[in-house]
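Got your viewer open? Let's take a short walk through this model, one selection at a time.

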Amino acid sequence: MSKKKVRSLKELNYQAYLKHRYWMGQCLKLAQTAATWGDVPVGAVMIDRQGNLITEAANCKEKNQDPTAHAEMIAIRAASQIQQNWHLNNYTLYVTLEPCPMCAGAILQARISTLVYGTDDPKTGAIRTVANLPDSNLSYHKLKVIAGIRELECRQQLQNWFESKRIPNSSSKPFGLK
């Protein structure tokens, strides 16, 4: 399986880069909210072609006791309801962490045009790290992906959260902790 062709940050013009940084900053704030609820700190926002915020969400699996309450899923559901259409092909989804298989599937089903995410997920990333659903035979939709926006901040937020939850001397080291 070939790796997903993810746009390099070097390919972005400066204005696009600043726009992506801004929206990822909003995601980071939402992720912090999730952390205060005891959830893995992941935040997401959905933006239309004109750059307007359509919806925002934070992980709330623990808060809602709902295994599907990932930030991406909540943002996609809300955007579909607001737009009264499940075809979200004119929208960009920003999220702090590479989507899991469930969220990647929903992104593809909704036909979201662009996914921008902060940091790779070495355990369940389904865009390029562990699996590559967008380029697989399962997908009929061409998803534009931009990875690595505010990567260090996104990764550090997750590492700090997991570190605070880890039992002392645990051998589990998520997100590249050494």
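Before you click anything, a word on names: helices (H or I, at least four residues) and strands (E, at least two) are DSSP runs, numbered from the N terminus. With that in hand, select I74, which is found in helix α3.

A little housekeeping first. This is a predicted model, in which local features need pLDDT of at least 70, side-chain atom pairs count only at pLDDT 80 or more, and totals for chains, interfaces and linings use all residues. Residues are numbered from 1 along each chain as its sequence is written, and side-chain values use heavy atoms, with hydrogens and water left out.

**Stop one: I74.** Is I74 buried or exposed? Neither: I74 counts as partly exposed because its relative accessibility is 24%. Here buried means under 20% relative accessible area, exposed over 50%, and partly exposed in between (1.4 Å probe, protein chains only). Now show what I74 touches: A57, A58, C60 and A69, not counting residues up to four places away in sequence. A contact means heavy atoms within 4.5 Å. Add E56 too; it sits 18 residues from I74 along the chain, and their C-alpha atoms are separated by 8.1 Å.

**Stop two: two helices together.** Select α3 (residues 71-83) along with α4; their axes come within 9 Å and cross at roughly 25°. Axes are lines fitted to C-alpha atoms, for helices over the stretch in contact, and angles run from 0 to 180 degrees between N-to-C directions. So α3 is roughly parallel to α4, a label for angles under 35 degrees (over 145 is roughly antiparallel, 65 to 115 roughly perpendicular, the rest oblique). To see who makes the contact, pick E72, M73 and I76 on α3, then M102, C103, A106, I107 and A110 on α4.

**Stop three: A104.** Stay on α4 (residues 101-110) and pick A104. A104 counts as buried because its relative accessibility is 1%. Leaving aside neighbours within four places in sequence, A104 is in contact with P99, A126, I127 and L133. Light up P134 as well: it is 30 residues from A104 in sequence, yet 7.7 Å away in space, C-alpha to C-alpha.

**Last stop: the whole chain.** Zoom out and you'll find 5 helices and 5 strands, following the pattern α-β-β-α-α-β-α-β-β-α along the sequence. Of the 178 residues, 49% are buried. Color by pLDDT, the predictor's confidence in each residue from 0 to 100: the chain averages 90, and 88% of the residues score at least 70. Over residues 1-5, the pLDDT is below 50. Where pLDDT is low, the predicted coordinates should not be read in detail.
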